[in-house]
Amino acid sequence: MGDYFDTQMMTAEPSEALAWLQEHYGRVDIQVEDGSFAEHAVGDCGFALRRLLWKCRAEVHYEADRFYFATSTPGYAWRIGSAEGEYSVEPGIVQPGHELVGHADDSSVQLVAFDAGHLTETAQAIYGDDSLSVRFDGTGPVSPRMRDYWLATVRWSLTQLPVLGEPLVRAHVYRALASATLEAFPLAGDPRERRASALEQAAIYAAATAWMDDHASLPVTAADAARAAGTSAAGLRRAFVANGTLARTPEGYLAQARISAAHADLVASDPTGSTIAQIALRWGFADAAGFAAAYRDAYGSDPQATLDR
């Protein structure tokens with residue numbers, strides 16, 4: 001996901017606040033002459049974390065073009081159709097095509113926004129269902145326990161804002177937020193089928209990674225790992241997309257397993273009796289220079305320095 005942005009806005013001038021809000025959130029009516037508004041938004045084309053500080057009274061009419069999940073301090077009441085609530089009492093959903101009528105009064109609001117296409121692709125990968133279309137039944141979490149889990153994930157994500165410009169960090173935060181959101185809120189469809197699919201994906205991932213760890217010294221491929229895990233190459237890729245944290249592809253995981261094993265070999269070897277080329281070849285790296293480059297990427301030092309310690 002690209003198009004990273006980190007935008008901040010703060011003003012005590014009602015006309016500036018109104019212009020900003022109308023540009024980003026549709027029809028807004030600020031109902032006091034004194035007060036202030038601030039927003040910090042960080043994210044990319046797939047998702048964003050937004051913190052809005054309303055030191056004023058305002059009414060917002062917003063037709064959503066993406067999924068929004070919100071929580072707040074006391075002072076932000078909302079209505080969507082016939083449903084209504086207060087985000088400080090219960091986190092809530094605004095779905096694409098729904099109009100939110102919000103009433104802010106000296107409140108801080110945290111929003112997690114997801115592009116509908118990206119969230120759908122993630123859900124399809126997690127649950128192994130390419131036909132899944134993301135919609136939610138209801139406006140709040142499925143249970144108090146899942147509400148607390150989602151809120152804890154959002155709190156953790158907000159601590160990552162200073163480093164969210166790093167693509168790998170951003171991908172990790174997106175993944176954690178998307179997974180927590182899909183589990184914590186009532187996704188339409190049969191939850192038992194989704195749970196079974198997610199467990200199957202996790203089982204395939206666990207079997208394949210364990211097999212690759214055990215066979216990293218042999219000339220095996222991702223296709224071999226797929227057969228060992230009882231799935232197709234495409235099925236293994238879906239399992240890695242759904243569960244991979246160290247690597248998002250089986251090839252990436254196998255390469256990391258070999259680098260990790262080579263590192264352990266370097267640490268344990270006698271530099272008078274072993275060479276970098278021998279150890280690299282032992283773990284499937286025919287090109288010593290390519291191995292050294294991959295090792296430096298993984299460990300931040302030269303393999304010769306590790307061997308010589």
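**Figure 1. Contact of helices α8 and α10 in the predicted model.** The axes of α8 and helix α10, the latter spanning residues 288-299, approach within 10 Å and cross at roughly 90 degrees. Helix α8 is therefore roughly perpendicular to α10. On the α8 side the contact is formed by Ile259, Ser260, Ala262, His263 and Leu266, and on the α10 side by Phe291, Ala294, Tyr295, Ala298 and Tyr299. Sorted by class, the residues of the contact of α8 with α10 comprise 8 nonpolar and 2 polar, with no charged residues.

**Figure 2. Crossing of helices α5 and α8.** Helix α5 covers residues 191-214 and helix α8 covers residues 250-268; their axes come within 9 Å and cross at roughly 35 degrees. The crossing of α5 and α8 is right-handed. Helix α5 contributes Tyr205, Thr209, Met212 and Asp213 to the contact, while α8 contributes Pro250, Tyr253, Leu254 and Ala257. The contact of α5 with α8 has 6 nonpolar residues, together with 1 polar and 1 charged residue.

**Figure 3. Contact of helices α2 and α4.** Helix α2 (residues 116-127) and helix α4 (residues 167-184) have axes that come within 10 Å and cross at roughly 75 degrees. Because angles of 65 to 115 degrees count as roughly perpendicular, this description applies to α2 and α4. The residues of α2 that take part are His118, Leu119, Thr122, Ala123, Ile126 and Tyr127, and they meet Tyr174, Arg175, Ala178, Ser179, Leu182 and Glu183 in α4. The contact of α2 with α4 is made up of 7 nonpolar, 3 polar and 2 charged residues.

**Figure 4. Surroundings of Asp265 in helix α8.** Asp265 belongs to helix α8. With a relative accessibility of 15%, Asp265 is classed as buried, since the buried class lies under 20% relative accessible area. When neighbours within four places in sequence are set aside, the contacts of Asp265 are with Ile279, Arg282 and Trp283.

**Figure 5. Surroundings of Val267 in helix α8.** Val267 is likewise located in helix α8. The relative accessible area of Val267 is 49%, and the residue is partly exposed; the exposed class begins over 50%. Apart from residues up to four places away in sequence, Val267 touches Thr306 and Arg309. The separation between the C-alpha atoms of Val267 and Phe37 is 56 Å, and these two residues are 230 residues apart along the chain.

**Figure 6. Environment of His40 in strand β3.** His40 is part of strand β3, which comprises residues 36-43. His40 has a relative accessibility of 18% and counts as buried. The C-alpha atom of His40 is separated by 4.4 Å from that of Gln8, although the two residues are 32 residues apart along the chain. Leaving out neighbours within four places in sequence, His40 makes contact with Asp6, Thr7 and Gln8, with Leu49, Arg50 and Arg51, and with Leu161.

**Figure 7. Backbone conformation at Asp106 in strand β9.** Asp106 lies in strand β9, which runs over residues 99-114. Most residues other than glycine have a negative phi. The phi of Asp106, by contrast, is positive, near 55 degrees, in a residue that is not glycine. Asp106 is partly exposed, at 43% relative accessibility.

**Figure 8. Cysteines Cys45 and Cys56.** Cys45 has a relative accessible area of 30% and is partly exposed. Cys56, at 8% relative accessibility, is buried. A disulfide is a covalent bond between the sulfur atoms of two cysteines. With a pair of cysteine sulfur atoms required to lie within 2.5 Å, the count for the model is 0 disulfides.

Note on methods. Residues are numbered from 1 along each chain as its sequence is written. This is a predicted model: local features need pLDDT of at least 70, side-chain atom pairs count only at pLDDT 80 or more; totals for chains, interfaces and linings use all residues. Side-chain values use heavy atoms; hydrogens and water are left out. Buried means under 20% relative accessible area, exposed over 50%, partly exposed in between (1.4 Å probe, protein chains only). Axes are lines fitted to C-alpha atoms, for helices over the stretch in contact, and angles run from 0 to 180 degrees between N-to-C directions. Helices (H or I, at least four residues) and strands (E, at least two) are DSSP runs, numbered from the N terminus. A crossing is left-handed if the near helix is turned anticlockwise from the far one by less than a right angle, and right-handed if clockwise. Contact means heavy atoms within 4.5 Å. Ala, Val, Leu, Ile, Met, Phe, Trp, Tyr, Cys and Pro count as nonpolar, Asp, Glu, Lys and Arg as charged, and the others, Gly among them, as polar. Angles under 35 degrees count as roughly parallel, over 145 as roughly antiparallel, 65 to 115 as roughly perpendicular and the rest as oblique.
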